[in-house]
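Biologist: I have a chain in front of me and some questions about how it packs. Can we go through it together?

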Amino acid sequence: MVSSGTVSFLQRTAYLSIPVMMAWGVLFPLHVNAQESSPTLSPGDVQLRDGTETEIAPPSGDPVPLNPNDIRPLSLDSSFLSIEGGKRLLQEADTAVSQENYAEAEKKFQEARQVFNQLSNFYQQLAASFSGVDNRIADSHRNAARDTAQMRDTATYQLALLHRAKNQPELAVPLLIQIIRSQAPTRDLGKKAYQQLLELGFVTDPFPRAGNTENQPTSAAQ
């Protein structure tokens with residue numbers, strides 16, 4: 001037999017349990033429905049927000065798709081690996097020099113040298129690859145290699161002048177010798193580089209010598 005005290009306890013427990021069970025019965029279906037009513041949206045899908053169609057943007061950290069109209073991105077001046085990008089670095093270096101920001105100018109000249117040197121090497125490799133296959137393309141790349149090498153030597157010369165202006169001849173001399181090796185002493189930039197070595201006192205023999213009328217061979221920048 002169940003005592004009257006036990007029956008009373010069970011009745012009170014039942015009265016308390018019913019509201020709790022009803023609450024769980026109401027809340028739990030709502031929770032499930034809320035999950036089921038939120039479909040997964042992918043980038044590019046359209047979602048209605050306040051009555052307005054809004055395109056879902058890619059999650060942060062994902063790469064932004066390239067502009068399909070920019071079919072030749074390396075031809076833009078925003079790219080570092082391009083002739084226009086190297087020229088932009090030279091312009092920024094000149095601006096820094098005019099503002100007497102020599103640290104920034106040195107950095108930009110160095111970057112321009114690296115860009116033009118890489119371009120020259122790449123074009124030389126392409127010219128060698130197309131030699132005997134398509135001579136017209138090979139010649140085009142060979143010319144591009146020579147032009148970018150000339151730009152590299154010009155950036156190197158400007159950097160050497162900057163080092164000289166900062167009273168750093170030990171940094172200018174190696175750069176000037178690189179220019180002479182690339183340009184040859186008979187070319188205009190090679191002559192200027194040698195003149196700088198003469199003025200710095202690194203060499204003592206002027207070139208060209210007075211009265212020297214011998215024709216000197218010329219060579220393209222390498």
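Modeller: What follows is a set of questions and answers on this predicted model.

Biologist: In what order do the helices and strands run from the N terminus on?
Modeller: The chain holds 6 helices and 2 strands. From the N terminus on, the order is α-β-β-α-α-α-α-α.

Biologist: What share of the residues in the chain is buried?
Modeller: Buried means under 20% relative accessible area. The chain has 222 residues. Its accessible surface comes to about 15500 Å², with 55% of that belonging to carbon and sulfur atoms. The buried share of the residues is 23%.

Biologist: Which helices each supply at least two residues of the largest nonpolar core?
Modeller: That core has 26 residues. Those with the most contacts inside it are L90, F109, A112, L176, I179 and L197. The helices that each give at least two residues to this core are helix 2, helix 3, helix 4, helix 5 and helix 6.

Biologist: Do the buried residues of helix 2 lie on one face or on opposite faces, and what arc do they cover?
Modeller: In helix 2, the buried residues are G85, G86, L89, L90, A93 and A96. Seen down the axis, they line one face of the helix, because they fall within an arc of 145 degrees. On the other side, Q91 and S98 are exposed. So the answer is one face, with an arc of 145 degrees.

Biologist: What covers the buried residues of helix 2?
Modeller: Helix 2 has 16 residues and reaches 23 Å from its first C-alpha to its last, close to the 22 Å expected. Just after this helix, E100 takes a positive phi of about 60 degrees. The cover over its buried residues includes helix 3 and helix 4.

Biologist: How far apart are the end C-alpha atoms of helix 6?
Modeller: Helix 6 runs over residues 188-200, which makes 13 residues. At 1.5 Å a residue it should span 18 Å. The model agrees, with the end C-alpha atoms apart by 19 Å.

Biologist: Which helices do the buried residues of helix 6 pack against?
Modeller: The buried residues here are L189, G190, A193, Y194, Q196 and L197. They cover an arc of only 150 degrees around the axis, so they sit on the same side of helix 6. They pack against helix 4 and helix 5.

Biologist: Which residues does I180 touch, not counting residues up to four places away in sequence?
Modeller: I180 lies in helix 5. With a relative accessible area of 14%, I180 is buried. Its C-alpha is 7.0 Å from that of Y194, 14 residues apart along the chain. I180 touches P185, G190, A193, Y194 and L197.

Biologist: And which residues is L197 in contact with, leaving aside neighbours within four places in sequence?
Modeller: L197 is among the core residues with the most contacts inside the core. It is also one of the buried residues of helix 6. Its contacts are V173, L176, I177, I180, F202 and V203.

Biologist: Are the rings of Y194 and F207 stacked or edge-to-face?
Modeller: The count comes to 1 aromatic pair. Its rings, those of Y194 and F207, have centres 6.3 Å apart and planes at 80 degrees; angles over 60 count as edge-to-face. Y194 lies in helix 6 and F207 in the segment after helix 6, so the pair ties together parts 13 residues apart in sequence. The pair is edge-to-face.

Biologist: Is F207 buried or partly exposed?
Modeller: Its partner Y194 counts as buried, at 18% relative accessibility. F207 has 23% relative accessibility, so F207 counts as partly exposed.

Definitions and conventions
Residues are numbered from 1 along each chain as its sequence is written. This is a predicted model: local features need pLDDT of at least 70, side-chain atom pairs count only at pLDDT 80 or more; totals for chains, interfaces and linings use all residues. Side-chain values use heavy atoms; hydrogens and water are left out. Helices (H or I, at least four residues) and strands (E, at least two) are DSSP runs, numbered from the N terminus. The expected span of a helix is 1.5 Å times one less than its number of residues. Buried means under 20% relative accessible area, exposed over 50%, partly exposed in between (1.4 Å probe, protein chains only). The arc is that of the directions from the helix axis to the C-beta atoms. Contact means heavy atoms within 4.5 Å. A nonpolar core is a set of buried Ala, Val, Leu, Ile, Met, Phe, Trp, Tyr and Cys residues joined through side-chain atoms within 4.5 Å. Accessible areas come from the Shrake-Rupley method with a 1.4 Å probe; for residues, only the protein chains shown count as cover. Rings of Phe, Tyr and Trp (its six-membered ring) pair if their centres lie within 6.5 Å; planes under 30 degrees apart count as stacked, over 60 as edge-to-face and the rest as tilted.
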